[in-house]
Structures are given as C-alpha cells and as structure tokens.
Amino acid sequence: MKKGLKIFAILLAAFIALQFWKPEEIEYSIPTKDLHNVPAEVNTILRNSCFDCHSSTVNLAWFDKITPANFIVASHITDGRKALNFSDWDKLEKPKQNATLFYAFNKILSGEMPIKSYAALHPNAKLDDRSISVLKNYLTTIAVRKPNQEVPPAAAKDVEKVILNKKITDYSKVKPTLNNISYIPDFRNWKAVSTSDRFDNGSMRIIYGNEIAVKAIAEHQTNPWPDGTILAKTAWKQKTEVDGTISAGAFIQVEFMIKDAKKYEATKGWGWARWKGNDLKPYGDSANFDQECISCHNPVKNNDYVFTAPLHLDINKFNIYNKTK
Ligand code: HEC
Ligand code: HEC
C-alpha cells in the first residue's frame with residue numbers, strides 16, 4: 001500500500017471508531033405544535049430557523065449526526081432549549097409570548113440568532129429580508145396602536161381622578177430616577193396621542209405627547225423626533241364594570257421618553273424614565289436601568305425607537321381628552 005493511502009485508511013478507521021462515541025441521547029422528535037396566537041407565516045419562519053435548538057422537534061442534517069459535529073449540535077440544543085423552548089409556548093401567557101417574540105426578534109436583528117456557524121451549514125435556517133420584514137410587520141401590529149382607537153370617556157375621567165387625587169399632592173417630592181431625570185407632573189395636561197389596550201392583557205395604556213411632540217406629529221417630523229419632544233406612557237389596570245364597559249383601575253406606572261440628541265447621545269438620543277404606583281417610586285436599581293428600555297425598543301430603532309408611529313392624524317382628533325389647563 002502506498003504511504004498516503006495507509007494514512008488515509010488509519011484516519012478512516014479512527015473516524016469510524018469515533019462514531020461509536022456519541023453524545024448523551026437527546027429527545028429529538030417530539031412534534032412541536034404550531035405556535036398559537038401567531039400568524040402561520042411567523043410560525044413557519046420560527047420553525048425553520050429556530051426550532052432545531054429551541055424546541056423538542058429537531059431536523060438534523062446527516063452531517064449533524066457525525067462525531068464530533070453531533071457533540072456541538074447536542075450542546076447547542078441543550079443550551080438553546082434552556083434559554084428558550086417553543087415547545088412550552090402554550091404555557092406562556094399572551095403578554096409573555098409577545099415579550100418573548102420581541103426578545104427573539106432582537107436576537108435576530110443583532111445577528112446573534114440563529115447561531116452563525118449553524119446558519120452557515122444550514123442555509124434553510126437563515127432569515128432572508130422577507131422573513132425579517134414579516135416578523136417585523138407582525139410585531140408592529142401587536143405593538144403599535146392605531147391612533148384613532150379612542151379612549152373610552154369613562155376611562156379618561158377615571159384616569160384624571162387616579163392621577164390627581166391619590167396620595168401624592170406635592171410632585172416636587174417625587175424622587176428623580178437613577179439616571180437623573182426628574183418627574184414631569186405636567187404630562188396630565190398634554191394631549192393623548194394614542195392608546196393601547198391589547199398588548200398586555202388586563203392593562204390599558206395612554207400615550208401622551210407634549211406640545212413639541214404634537215407639533216412634530218402635525219408636521220410629520222417624527223423621524224427623528226425633534227429635541228424637546230417628550231412622550232409619556234401611562235398604564236392602568238383594566239377594570240370591567242358590571243355593564244361591560246371597561247374603565248381604568250389601579251394606576252400602574254408612567255414612563256417617559258425625553259428627546260435630546262446631544263444630552264442623551266449615550267442612550268439613543270432619549271432620556272428614559274419610569275415611576276411606579278401611586279407613590280410614584282422611581283424604577284431601576286442602577287443608573288443604566290435604561291438599557292432594558294432600549295433593548296425592548298430596539299426593534300423600532302428605524303422609527304427613532306418609538307413604537308407609537310406614525311400618528312399622522314388630524315390633530316384636532318387628539319383633543320378629546322385634553323384637559324384645559
Ligand atoms: C444551532 C442552535 C440554535 C439555533 C438554530 C437558534 N438558537 Fe437561539 N440559542 C441557542 C443557544 C445555544 C442559546 C443559549 C446560549 C446563548 O445565549 O448564546 C440560545 C439563546 C437564545 C435566546 C436567549 C438569549 C439570552 O441571552 O437569554 C434567544 C431569545 C434565542 N436564542 C432566539 C433564537 C431565535 C429567534 C432563533 C431563530 C431565528 C434561534 N435562537 C436559533 C442556539 C440556537
Ligand atoms: C417589554 C418591552 C418593553 C420594555 C422593557 C420597555 N418598553 Fe416602552 N414600549 C414598549 C411597547 C411595545 C410600546 C408601544 C406601546 C404599547 O403597546 O404599550 C412602548 C411604548 C413606550 C412609550 C411611548 C412611546 C412609544 O415608543 O410608543 C414610552 C414613553 C416608553 N415605552 C418608555 C419606556 C421606558 C422608559 C422603559 C424602561 C423603563 C420602557 N419603555 C421599557 C415596550 C417596552
């Protein structure tokens with residue numbers, strides 16, 4: 001035998017012997033149900049690109065089963081399932097499902113998922129521009145509110161009551177957030193620019209804009225929003241009355257995004273702040289709690305990090321619940 005051939009034969013034998021060495025058996029083939037609450041197209045995209053490592057249904061290619069590739073695959077699957085398992089989808093409440101999709105979408109946009117080495121060998125898992133826009137459009141429909149969804153009048157009345165008469169009377173006593181933003185009590189006088197009630201079950205939200213924001217909306221100058229824009233989002237528990245109408249229950253929180261491209265350059269041009277509960281406790285354990293806000297708003301970065309857009313409506317329609325000063 002020629003020398004080269006001999007080496008090849010030895011390597012081949014070693015390779016075959018290696019095949020008896022396998023990673024611990026992983027459950028590969030429990031079918032995963034289609035994700036309910038999600039359009040079929042979105043389900044298909046996630047199934048093709050993510051289920052191999054994030055569900056109990058794995059479609060392995062022949063080369064994934066060869067030692068040592070199978071060890072890498074097995075560890076990806078074990079870790080992947082721990083981080084996110086679409087087979088447990090039904091166990092999640094709807095808001096958690098939505099949040100999971102936002103989070104997953106972030107990982108796709110940032111290029112972290114699907115894992116690059118895997119996508120290189122499994123071209124099916126790669127997301128093309130169309131799939132990305134399908135996901136994005138869907139997330140936009142669950143997040144962005146149609147501007148003409150109006151607040152039920154009862155709610156608006158209660159909203160005022162809740163904000164105005166509860167424990168806090170002297171707003172100057174409200175503590176600033178750890179990233180140094182002071183509370184802005186004046187938002188009660190701003191215009192409601194949008195409402196949303198479906199994104200989280202059981203809560204209703206109203207989004208207010210200050211004068212600069214409202215002017216920017218009227219002039220279609222919302223991308224980017226001008227410096228000085230402030231958007232406030234308020235959330236209340238939703239209460240269903242005996243007659244079936246829905247009104248605002250306990251106050252949950254108010255959040256602000258304050259635009260100043262220079263001052264807040266490090267946080268995407270916005271100052272982020274949230275106060276919780278009737279005692280308006282500043283949210284966050286450290287000064288960079290705003291990273292959490294940014295990571296969730298990141299899917300709409302092309303929209304200047306704002307979900308609630310476009311709001312190109314006749315400006316007078318915003319007026320209905322605007323209290324006169
Ligand atoms: C080849 C296997 C593999 C594929 C395919 C894959 N992932 Fe992952 N994923 C992992 C592993 C391993 C982890 C856990 C380790 C880590 O965070 O890097 C993970 C973690 C995650 C996390 C949680 C990250 C965290 O920090 O908690 C999300 C969200 C995620 N993947 C989303 C996706 C989405 C969406 C897809 C499809 C577009 C996808 N993954 C495809 C292997 C994979
Ligand atoms: C889990 C994801 C998530 C996190 C975390 C998050 N937001 Fe948002 N935010 C949203 C969504 C979705 C909307 C769109 C309105 C809606 O559906 O409630 C929104 C809307 C807003 C708005 C109204 C303007 C707009 O973008 O529509 C403000 C202000 C806001 N968020 C501030 C904050 C602040 C401040 C933080 C951090 C303390 C934060 N958000 C964290 C998801 C998130």
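This report describes the surroundings of the two iron-containing ligands in a predicted model.

**The iron atom of ligand 1**

The protein supplies two donors to the iron atom of ligand 1, namely NE2 of H54 and SD of M113, which lie 2.0 to 2.2 Å from the metal. Because the six donor atoms around this iron atom subtend angles of 85 to 177°, the arrangement is octahedral. For six octahedral donors, the ideal angles at a metal are 90 or 180 degrees. The two protein donors link distant parts of the chain, since H54 belongs to helix α3 (residues 51–54), whereas M113 is placed in the loop between α5 (94–109) and α6 (116–121), 59 residues apart from H54. With a relative accessible area of 10%, H54 is buried, because the limit for that class is under 20%. M113, at 32% relative accessibility, counts as partly exposed.

**The iron atom and polar contacts of ligand 2**

The iron atom of ligand 2 has H297 as its only protein donor, through NE2 at 2.1 Å. H297 also appears among the polar contacts of ligand 2, which are set out below with those of K233 and E255.

| Side chain (N or O atom) | Atom of ligand 2 | Distance |
|---|---|---|
| K233 | oxygen | 3.0 Å |
| E255 | nitrogen | 3.3 Å |
| H297 | nitrogen | 2.9 Å |

The elements that give two or more residues to the shell around ligand 2 are the strands β2 (203–209), β3 (230–240), β4 (246–259) and β5 (270–276), together with helix α10 (290–297). Of these, α10 provides the largest share, with four residues. The shell holds 22 residues, of which R205, C293, C296, H297 and T308 come nearest to the ligand. By class, 14 residues of the shell are nonpolar, three are polar and five are charged.

**Helix α10**

Helix α10 contains H297, the residue that donates NE2 to the iron atom of ligand 2. Which residues of α10 are buried? They are D290, C293, I294 and H297. These four lie on the same side of α10, because they cover an arc of only 95° around the axis. An α-helix has 3.6 residues a turn, so residues three or four places apart point the same way. Two of the buried residues, C293 and H297, are also among those that come nearest to ligand 2.

Terms used. Residues numbered from 1 in each chain as written. Chains lettered and ligands numbered in written order. Predicted model: local features only at pLDDT ≥ 70, side-chain atom pairs only at ≥ 80, totals over all residues. Heavy atoms only, no water. Near = heavy atom within 4 Å. Polar contact = N/O pair within 3.5 Å; in protein donor to acceptor, adjacent residues only side chain to side chain. Nonpolar A, V, L, I, M, F, W, Y, C, P; charged D, E, K, R; others polar. Donors = N, O, S within 2.8 Å, 3.2 Å for Na, K, Ca; no water. Buried < 20%, exposed > 50% of the residue type's maximum accessible area, 1.4 Å probe, protein only. Arc of directions from axis to C-beta. Tetrahedral: all angles 85-135°; square planar, octahedral: opposite > 155°, others 65-115°.
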